[in-house]
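Please open the structure in your viewer and follow the stops below in order. Each stop names a selection and then describes what is found there.

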Amino acid sequence: MGIVETHDLTKTYGDKSAVKNLNLSIAEGEVFGFLGPNGAGKTTTIRMLLGLIKPTSGSAQIFGLDCEKETAQIHKRLAYVPGESNLWGSLTGEQTLKLLSSLHGEVDKKFQNTLIEKFQVDPSKKVRAYSKGNRQKLLLVAGLSFQTDVLLLDEPTSGLDPLMQEVFRSVVLEAKERGQTIFLSSHTLSEVEVLCDQVGLLRSGELIEVGTLDQMRHLSALTYQITFEGAIPDLSKIENVRRVVVEGQRVTCELVGKPTGLLAFLNGLAVEKLICHEASLEEIFLSHYGN
Ligand SMILES: Nc1ncnc2c1ncn2[C@@H]1O[C@H](COP(=O)(O)OP(=O)(O)OP(=O)(O)O)[C@@H](O)[C@H]1O
Ligand SMILES: [Mg+2]
């Protein structure tokens, strides 16, 4: 049995399902990536796991305990980092950490200080004076300090700069090494792909795919945009290239796997500009699952 489980978990608002018949099983010690675009139902799921909102039907369990009825017991061994915060503006960072720690009991001060250092948080400042990213960092320090058996993180890196995202990654990997189970929501594949053992894709409240990263590898496509100076060559026969669209001098295509074939083909052609970016979740959904 998984350490975090949901069984046909459903939340309906009016006639709209925010989460629909969700079945998840997350093994102990696993990092689970919960991926979905805005409004997919990630936060709603996490709030049901936390016992903050009541499911319309179905159930969720953590440590084999019911999230709705045995909330207090679960929370002794669980920490949560929300994606957006309502912190107390007039408290300093240090006072905030003390207050949040008191909700959990013991906190290892030494370990907390290493986190403060890694995330470069200034605990002496008033929270009101923190930037958005610094507030997020303070919440991460608070949530990670306890080394709880389960960590629920709701888009924890939104607002963090690339350097801090890197710090976040290494801290999460250390938590995993300690055996913590981590549930991490996100809307970018690249963010979870380096961390997660398993990924679940959520769209409009429904889980459309779940699997290991190897099983999902086919989803991590790159989009190439190539502008040619002269005649437009045919890219559609090149290895690993698909979905070729020509607009004027610009060709857009998707590439999964090695770009060797494409690069060899382009060599010697009059390429004016080449842009490559990671496909967004919306693009991945469109190309793999249609509408
Ligand atoms: N209290 C509420 N009342 C009505 N509808 C709600 C409520 N909370 C959430 N919803 C709806 O449920 C759906 C899922 O919302 P949710 O916040 O779980 O999405 P999300 O995946 O966390 O999105 P984001 O990436 O923007 O944080 C949305 O359509 C949202 O409008
Ligand atoms: Mg959300």
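**The whole chain**

Begin with the protein chain in cartoon representation, where ten helices and 14 strands are present. The model is a predicted one. Along its principal axes, the C-alpha trace of the protein chain spans about 70 × 45 × 35 Å. Next, colour the chain by burial: of its 291 residues, 35% are buried. Contacts that reach across the sequence may also be displayed. Among contacts in the protein chain between residues at least 6 apart in sequence, 69% join residues at least 24 apart.

**The surroundings of ligand 1**

Select ligand 1 and then the residues around it: Y13, A18, G36, N38, G39, A40, G41, K42, T43, T44 and H187. Which helix supplies the largest share of the shell around ligand 1? That helix is α1, residues 42-49, with three residues of the shell. Colouring the shell by residue class shows three nonpolar residues, seven polar residues and one charged residue.

**Helices α4 and α5**

Move on to residues 109-118, which form helix α4, and residues 132-145, which form helix α5. The axes of these two helices lie 10 Å apart, and the helices pack at an angle of about 150°. Angles over 145 degrees count as roughly antiparallel, and α4 and α5 are therefore roughly antiparallel to each other. Their crossing is right-handed. To view the contact itself, show the side chains of F111, Q112, L115 and I116 in α4, together with V141, L144 and S145 in α5. Of the residues in this contact of α4 with α5, five are nonpolar, two are polar and none is charged.

**Helices α5 and α6**

Keep α5 selected and add helix α6, residues 162-177. Are α5 and α6 roughly parallel or roughly antiparallel to each other? The two helices pack at an angle of about 10°, with their axes 12 Å apart. Angles under 35 degrees count as roughly parallel, and α5 and α6 are therefore roughly parallel to each other. On the α5 side, select G133, K137, L140 and L144, which meet M164, F168, V171 and A175 of α6. By class, this contact of α5 with α6 has six nonpolar residues, one polar residue and one charged residue.

**A last selection**

Finally, select L144 alone. This residue of α5 takes part in the contact with α4, and L144 is also among the α5 residues that meet α6.

Terms used: Residues numbered from 1 in each chain as written. Chains lettered and ligands numbered in written order. Predicted model: local features only at pLDDT ≥ 70, side-chain atom pairs only at ≥ 80, totals over all residues. Near = placed C-beta within 6 Å. Helix = DSSP H or I, 4+ residues; strand = E, 2+ residues; numbered from the N terminus. Nonpolar A, V, L, I, M, F, W, Y, C, P; charged D, E, K, R; others polar. Buried ≥ 20, exposed ≤ 12 C-beta atoms within 10 Å, placed from the backbone. Contact = placed C-beta atoms within 7 Å. Axes fitted to C-alpha atoms, helices over the stretch in contact; angles between N-to-C directions. Parallel < 35°, antiparallel > 145°, perpendicular 65-115°, else oblique. Left-handed = near helix turned anticlockwise from the far one by under 90°.
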